[in-house]
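Morning, everyone. Let me put the model on the screen, and then I'll walk you through it.

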There are 2 protein chains.
Amino acid sequence: MGRPPAKPSASLDRGLLPSLLGYVLRRAQSAVFDDFANTFDKAGEALTPGEFGLLVLVDRNAGLSQMALARALGIDRSTLVPILDRLQERGLLMRHRSPTDGRTHALALTPNGEKALARFARLVRAHEKRIASQLSAAEIRVLIDLLEKVHAGARSL
Amino acid sequence: MGRPPAKPSASLDRGLLPSLLGYVLRRAQSAVFDDFANTFDKAGEALTPGEFGLLVLVDRNAGLSQMALARALGIDRSTLVPILDRLQERGLLMRHRSPTDGRTHALALTPNGEKALARFARLVRAHEKRIASQLSAAEIRVLIDLLEKVHAGARSL
DNA sequence: GAGAATTTGTTTGATCCCCAAACAATCTCC
DNA sequence: GGAGATTGTTTGGGGATCAAACAAATTCTC
């Protein structure tokens with residue numbers, strides 16, 4: 001007597017997948033991303049997690065160059081260009097000319113960008129609260145700590 | 001006495017980012033992904049984490065339809081088509097005709113695909129060992145457990 | 001200081017992931 | 001048997017990503 005013959009509603013056999021850190025990480029990440037999108041959608045705002053991180057970085061490091069920003073984000077400088085274009089078109093950010101180095105752009109948020117970032121940060125906090133709703137404060141600390149370790153460990157090859 | 005004036009080598013001010021679960025998750029995920037790619041590159045194999053997950057799912061659920069697979073992967077069925085095309089061109093997987101339902105394809109690994117998957121699984125285990133090198137076995141269990149909770153919690157909206 | 005080498009931002013080209021909408025073939029339900 | 005749903009595919013549109021080539025500007029070298 002095998003198992004009930006493929007109840008279509010039953011979820012699949014995932015084999016070793018659930019024991020793989022990479023797999024579980026990817027699923028958690030995906031769920032978090034979905035909730036992020038949902039939070040901003042419902043609030044009538046349009047922003048990706050990557051864009052939020054970028055805005056925070058520019059806000060906290062005024063005058064940053066595109067190269068430095070690309071490096072901090074871990075992406076190629078050519079990838080950054082259309083992203084900045086879009087943010088600039090939305091009036092959130094500006095590329096100023098650097099007085100000291102004619103090659104670089106000094107990035108900065110516009111006043112509008114600052115106000116928008118404040119709104120975004122409020123939404124992100126609500127989002128964070130929601131995704132961590134099943135976890136205690138101590139568990140969140142542990143989780144972040146372990147994730148940092150993974151990041152540091154894998155990075156140091 | 002402010003801090004040393006913007007040593008370019010010093011890393012940026014990330015503001016609230018490091019305290020955000022979403023952010024830390026994304027960075028860990030990215031580091032893990034990089035190590036995965038690196039592991040397969042060095043072994044002369046070409047595979048993404050997503051493709052590995054797909055192959056495991058097909059292996060463990062022979063006769064699966066494309067719809068069921070897409071649902072399990074959390075992607076649209078139209079997204080799956082070119083992915084299967086590629087895997088099929090590589091001779092790892094086949095779309096058989098279902099005897100019971102003419103609309104669906106019964107997916108299965110080829111003998112070659114099975115052998116390749118065994119090789120891939122060995123590489124993935126080595127990769128997992130490496131990214132978890134900074135963590136104890138207990139920590140890994142805790143980490144996976146907490147990530148599952150995040151996944152379940154965010155999912156249940 | 002003049003020329004060579006490097007750095008920066010941009011453009012172009014390639015690959016990939018993703019979704020939505022439309023379509024034909026097939027199945028299901030009445 | 002016919003209406004409605006399901007399945008796989010195609011097409012169209014957004015983006016993310018990198019690599020390579022380029023012009024402008026800076027830095028290095030002599």
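I'll take the contact between the protein chains, then the two DNA strands.

Ground rules before that. This is a predicted model: local features need pLDDT of at least 70, side-chain atom pairs count only at pLDDT 80 or more, and totals for chains, interfaces and linings use all residues. Residues are numbered from 1 along each chain as its sequence is written, chains are lettered from A and ligands numbered from 1 in the order in which they are written, and side-chain values use heavy atoms, with hydrogens and water left out.

Start with symmetry. Lay chain B on chain A and you get an RMSD of 0.0 Å, with a turn of 180° and a shift of 0.0 Å along the axis. The two copies are therefore related as by a two-fold rotation axis. Within chain B, L143(B) has the C-alpha nearest that axis, at 3.2 Å. The superposition is by least squares on the C-alpha atoms of residues with pLDDT of at least 70 in both copies.

Now the interface. Chain A puts 52 residues into the contact, and chain B puts in 52 residues. Contact here means heavy atoms within 4.5 Å. Of the interface residues of chain B, 100% are also interface residues in chain A, so the copies meet through the same surface.

How much area do chain B and chain A bury between them? About 5,500 Å², with 70% of it on carbon and sulfur atoms. That is the accessible area (1.4 Å probe) lost when the two parts are put together, summed over both.

Next, the polar side of the interface. Between chain B and chain A there are 4 salt bridges. The rule is a side-chain nitrogen of Lys or Arg within 4 Å of a carboxyl oxygen of Asp or Glu. Over all chains, that rule gives 14 salt bridges. Two examples cross the interface. R60(B) pairs with D13(A), the closest N and O atoms being 3.1 Å apart. That pair runs from helix 2 of chain B to the segment before helix 1 (21–42) of chain A. D13(B) and R60(A) also meet in a salt bridge, at 3.1 Å, N to O.

Polar contacts come to 13 residue pairs between chain B and chain A, both residues at pLDDT 80 or more. A polar contact is a pair of N or O atoms within 3.5 Å; within protein, one must be able to donate a hydrogen and the other to accept it, and residues adjacent in sequence count only if both atoms are side-chain atoms.

Which elements of chain B give two or more residues to the side that touches chain A? Helix 1 (21–42), helix 2 (49–60), helix 5 (111–131) and helix 6 (137–155). Helix 6 of chain B gives the largest share, 13 residues. Helices are DSSP runs (H or I, at least four residues), numbered from the N terminus. By class, this side of chain B has 28 nonpolar, 10 polar and 14 charged residues. Nonpolar means Ala, Val, Leu, Ile, Met, Phe, Trp, Tyr, Cys and Pro; charged means Asp, Glu, Lys and Arg; the others, Gly among them, are polar.

On to DNA strand C. Of the 20 residues around this strand, Q66(A), M67(A), D76(B), R86(B) and G102(B) come nearest. A residue is near a strand if one of its heavy atoms lies within 4 Å of it. Sugar and phosphate make up 68% of the atoms of strand C that come within 4 Å of the protein. Take the phosphate oxygens. One lies 2.7 Å from a polar side-chain atom of Q66(A). A backbone N or O atom of D76(B) also lies 2.7 Å from a phosphate oxygen. Helix 4 of chain B gives the most to this surface, with 4 residues.

Last, DNA strand D. It has 21 residues around it, with D76(A), R86(A), Q66(B), M67(B) and R95(B) nearest. Here sugar and phosphate account for 70% of the strand atoms within 4 Å of the protein. The side chain of Q66(B) has an N or O atom 2.7 Å from a phosphate oxygen. S78(A) goes to a base: its polar side-chain atom lies 3.1 Å from a base nitrogen of strand D. Helix 4 of chain A gives the largest share of this surface, 5 residues.
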